[in-house]
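Hi everyone, thanks for coming along. I'd like to walk you through one model today, going from the whole chain down to a few single residues.

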Amino acid sequence: DVSPVVAGLIGATVLVVSVSVTVFVWTCCHQQAEKKHKTPPYKFIHMLKGISIYPETLSNKKKINRIRRDKNGTPVETGRGNLLVDAAESGLIGSEKAPDGPNTAPHVDQLPIKVDYGDELSPDQSLTPGGSKTSSPSSPGDDVMLGELTFSVDYNFPKKALVVTIQEAHGLPVMDEHTQSSDPYIKMTILPDKRHRVKTRVLRKTLDPVFDETFTFYGIPYSQLQDLVLHFLVLSFDRFSRDDVIGEVMVPLAGVDPSTGKVQLTREILKRNIQKCISRGELQVSLSYQPVAQRMTVVVLKARHLPKMDITGLSDPYVKVNVYYGRKRIAKKKTHVKKCTLNPVFNESFIYDIPVDLLPDISIEFLVIDFDRTTKNEVVGRLILGAHSITAGGVEHWREVCENPRKPVAKWHSLSEY
């Protein structure tokens with residue numbers, strides 16, 4: 001004995017629930033079907049030994065054990081490397097971390113240095129390797145042969161894709177004196193935009209590495225190839241310090257015509273010329289030393305003309321300040337992040353207690369980093385002042401600070417590539 005009104009309400013409720021469930025199930029099935037047939041706009045596909053590696057099959061990192069055989073047929077473990085692949089919208093592999101394993105910094109307890117940090121709000125992620133080297137990665141002298149790099153260039157016209165295969169290197173110099181060998185890997189960048197950046201895996205204890213890794217870059221019209229330059233940076237991985245730069249290879253595509261098929265090239269690896277690196281912007285910093293209080297005041301003032309790091313054409317920069325005693329990092333600090341700007345103004349100061357007798361062995365490293373919430377932070381540029389400064393301007397700035405106590409000395413410095 002249910003009244004018609006109650007019966008109607010019950011029927012309407014059942015009908016609404018049934019329709020809602022049906023619509024929800026149909027929407028989920030439709031979206032799933034679209035995902036299966038949709039082709040993601042990849043910027044590049046990484047192929048290792050002929051095996052395609054797609055971004056959705058990887059998390060941020062995928063470790064791969066490589067085993068190859070030497071000339072006698074004996075299996076030789078060539079190490080464990082990382083293949084880093086990011087989606088097109090988030091940019092390609094960042095250059096701020098070594099491709100294998102975390103870098104760890106020696107802990108310094110015995111040094112008579114105390115640090116007084118200023119207040120800050122900085123991102124949780126940090127890109128600075130904890131290695132102990134503060135000087136520019138060392139390269140062998142001009143009279144030392146750095147070896148040769150073999151690679152191939154091809155172009156896929158239907159897909160408008162540039163295909164670069166890093167095949168092998170021969171005759172690399174010894175970078176690890178203990179093992180009398182090297183742990184080489186290669187960073188590749190397409191200049192001048194530097195939007196496409198990739199890394200090979202690390203091969204352990206070899207001077208003749210065989211990489212055989214293919215990188216396919218999509219969305220590059222054939223008409224633009226003549227304006228591009230391939231930049232290969234050959235490095236040796238170091239687990240406990242900053243990776244050593246062996247050398248570089250610059251290949252203008254203006255002299256390469258892949259229209260008729262794959263072009264295989266072998267180029268000599270040359271000593272890296274820092275002066276030829278593309279400008280990464282400028283950073284203004286001020287230093288002042290109080291000899292009575294034995295205190296160094298570091299002020300990060302501003303930066304200008306930073307490169308575009310985001311798809312919006314802007315960046316979200318902040319500065320990480322590392323203080324080194326000799327080759328050991330003893331302090332680190334970060335500024336606030338400045339959103340959507342290529343000319344940020346920081347005006348943040350940090351104070352360090354440093355005895356006078358330790359000043360000749362102190363170096364201060366400034367890393368300008370682009371902050372990103374969804375992908376890895378990327379180092380924009382680098383500046384070193386102090387004992388291990390690699391530029392004439394940096395040496396002069398530090399000399400003025402030491403010779404003019406209690407006087408703030410502010411200067412602009414060009415950022416070098418990290």
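I'll begin with the overall picture and then move through the parts one by one.

Please keep in mind that this is a predicted model. The secondary structure of the protein chain comes to two helices and 21 strands. Of its 418 residues, 48% are buried. If we take the contacts between residues at least 6 apart in sequence, 69% of them join residues at least 24 apart. As for the surface, the protein chain exposes about 21,200 Å², and carbon and sulfur atoms supply 54% of that area.

Let's turn to the N-terminal part. An unreviewed UniProt entry lists residues 6–29 as "transmembrane region". What does the model show over residues 6–29? That stretch is 100% helix and 0% strand, with its end C-alpha atoms 35 Å apart. So much for the record and the model there; on to the strands.

Here is a sheet I'd like you to find on the screen. Four strands make an open sheet, and reading across you get β9-β8-β11-β12, with antiparallel pairing. Which strands stand at the edges? They are β9, residues 197–199, and β12, residues 244–252; each has a single partner strand, so one side of each is left without a neighbour in the sheet. On average, neighbouring strands of this sheet are turned by 15° against each other, direction ignored. Looking at one pair in it, β11 covers residues 229–236 and is joined to β12 by eight bridges, the two running antiparallel. If you want a spot to zoom in on, S236 stands opposite D244 in β12.

Now for strand β10, residues 210–218, where T214 has its place. Is T214 buried or exposed? With a relative accessible area of 14%, T214 is buried, because the cut-off for buried is under 20%. The T214 side chain also makes a polar contact, at 3.0 Å, with the side chain of T165. D212 lies in β10 too, but here the relative accessibility is 29%, so D212 counts as partly exposed. D212 has a partner from elsewhere in the chain: I166 is 46 residues away in sequence, yet the two C-alpha atoms are 5.7 Å apart in space.

Next, a pair of strands further along. Strand β19, residues 362–370, pairs with β20 in the antiparallel sense over eight bridges. Within that pairing, V368 stands opposite G381 in β20. How many residues of strand β20 are buried? Nine of the nine, across residues 378–386, so β20 is largely enclosed by the rest of the structure.

Last stop: backbone angles in two loops. Most residues other than glycine have a negative phi. K160 goes the other way, with a positive phi near 50°. You'll find K160 in the loop between β6 (148–156) and β7 (161–170). Its relative accessible area is 51%, so K160 is exposed. R406 is not a glycine either, and has a positive phi of about 70°. R406 sits in the loop between α2 (392–403) and β21 (409–414).

That's my tour. If you'd like to go back to one view, I'd pick strand β20, with nine of its nine residues buried. Thanks for listening, and I'm happy to take questions.

Conventions: Residues numbered from 1 in each chain as written. Predicted model: local features only at pLDDT ≥ 70, side-chain atom pairs only at ≥ 80, totals over all residues. Heavy atoms only, no water. Buried < 20%, exposed > 50% of the residue type's maximum accessible area, 1.4 Å probe, protein only. Contact = heavy atoms within 4.5 Å. Areas by Shrake-Rupley, 256 points an atom, 1.4 Å probe, with all protein chains shown as cover. Pairing = 2+ DSSP bridges. Axes fitted to C-alpha atoms, helices over the stretch in contact; angles between N-to-C directions. UniProt positions renumbered as here; feature names shortened; annotations may be inferred. Polar contact = N/O pair within 3.5 Å; in protein donor to acceptor, adjacent residues only side chain to side chain.
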